[in-house]
Amino acid sequence: MFADIGWSELLMVGFVALIVIGPKDLPKAMRFAGQWVGKARGMARQFRSGFDAMVREAELAEMEKKWAEENARIMREHPMAGLLSDSSPSPAVPAPPAEPATGMPENLLPDGEDQPPVMTEKPVVRDAPDKGVDAGGDAAPETGTDKSAS
């Protein structure tokens, strides 16, 4: 903002303002100038955001136009891709495998599962920890004398 004004010029303006306005009214004048600068910045910010919104809308319209042109070019090159009906089989999709004569597909197990069950480790169930057992279920190290040994 003050790119062309050096510290010496700014100090001179402040000194002249102090003499002309006076020390009593200088804070009021600075507050008024600050409010005015704040309003000017707000208007500039609003203008910039409106301009940015217009640029975004123009870019979006341009991208939509390019997308429509590219879509039309693809549809001209591959006209049958979007016109296939459900009744005619697609050459790119293989036909499903035929089921055996038993009426049950080969890949199903007798109980109706697709795959055999995954084996997991059986979870270890432990009782709530006592005073003599740490959180891992192991016995806590002895800190004093053992009363059961006597």
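Met 12 is exposed, with 52% of relative accessible area, and this residue offers a convenient point of entry into the chain. The structure is a predicted model. Met 12 belongs to helix H1, which covers residues 7-21. Together with Phe 15, Val 16, Ile 19, Val 20 and Ile 21, Met 12 makes a nonpolar surface patch of about 600 Å². The exposure of Met 12 meets the patch requirement, because a residue must have over 30% relative accessible area to be included and Met 12 has 52%.

The geometry of helix H1 itself can be checked against expectation. At 1.5 Å a residue, the 15 residues of H1 should span 21 Å, and the end C-alpha atoms are indeed 21 Å apart, so the two values agree. The expected figure is 21 Å because the rise is multiplied by one less than the number of residues. Beyond the end of H1 comes Gly 22, which has a positive phi near 100°.

The wider setting is as follows. The chain contains two helices and zero strands. Of its 150 residues, buried residues make up 1%. The accessible surface of the chain comes to about 14,600 Å², and carbon and sulfur atoms account for 63% of that surface.

The second helix, H2, runs over residues 26-77 and includes Ala 29. Met 30 also lies in H2. Ala 29 and Met 30 can both be related to Ala 17. Ala 29 and Ala 17 are twelve residues apart along the chain, and their C-alpha atoms are separated by 9.3 Å. For Met 30 and Ala 17, which are 13 residues apart along the chain, the C-alpha separation is 9.7 Å. Ala 29 counts as partly exposed because its relative accessibility is 26%, a value in between the limits of 20% and 50%. Met 30, by contrast, is exposed, since its relative accessible area is 55%.

Further along H2 there is an aromatic contact. A search of the whole structure finds one aromatic pair. The pair is formed by Phe 47 and Phe 51 and is stacked, with 6.5 Å from centre to centre and 20° between the planes. The pair counts as stacked because stacking requires planes under 30 degrees apart, and the angle here is 20°. The positions of the two residues in the sequence are also relevant: Phe 47 and Phe 51 are four residues apart in helix H2, and therefore about one helical turn separates them. An α-helix has 3.6 residues a turn, so residues three or four places apart point the same way. With regard to the surface, Phe 47 is exposed because its relative accessible area is 62%, while Phe 51, at 45%, is partly exposed.

Charged contacts form the next topic. A search of the whole structure finds three salt bridges. One of them joins Lys 66 to Glu 62, with the closest N and O atoms 3.6 Å apart. The contact qualifies because the criterion is a nitrogen within 4 Å of a carboxyl oxygen, and the distance here is 3.6 Å. Lys 66 and Glu 62 both lie in helix H2, four residues apart, or about one turn of the helix. Lys 66 is exposed, as its relative accessible area is 52%, whereas Glu 62 counts as partly exposed at 44% relative accessibility.

The remaining contacts share Arg 73 as a partner. Glu 70 forms a salt bridge with Arg 73, in which the closest N and O atoms are 2.2 Å apart. Both residues, Glu 70 and Arg 73, lie in helix H2, where they are three residues apart, about one turn of the helix. Arg 73 also forms a salt bridge with Glu 77, and in this case the closest N and O atoms are 2.6 Å apart. Arg 73 and Glu 77 are four residues apart in helix H2, so about one helical turn lies between them. Glu 70, Arg 73 and Glu 77 are thereby linked in a network of salt bridges.

The accessibility of the network can be stated residue by residue. Glu 70 is partly exposed, with a relative accessible area of 36%. Arg 73 counts as partly exposed at 31% relative accessibility. Glu 77, at 47% relative accessibility, likewise counts as partly exposed.

How values were computed
Residues are numbered from 1 along each chain as its sequence is written. This is a predicted model: local features need pLDDT of at least 70, side-chain atom pairs count only at pLDDT 80 or more; totals for chains, interfaces and linings use all residues. Side-chain values use heavy atoms; hydrogens and water are left out. Buried means under 20% relative accessible area, exposed over 50%, partly exposed in between (1.4 Å probe, protein chains only). Accessible areas come from the Shrake-Rupley method with a 1.4 Å probe; for residues, only the protein chains shown count as cover. Patches are made of residues with over 30% relative accessible area and no salt bridge: like charges are joined within 9 Å, nonpolar side chains (Val, Leu, Ile, Met, Phe, Trp, Tyr) within 5 Å. A salt bridge is a side-chain nitrogen of Lys or Arg within 4 Å of a carboxyl oxygen of Asp or Glu. Rings of Phe, Tyr and Trp (its six-membered ring) pair if their centres lie within 6.5 Å; planes under 30 degrees apart count as stacked, over 60 as edge-to-face and the rest as tilted.
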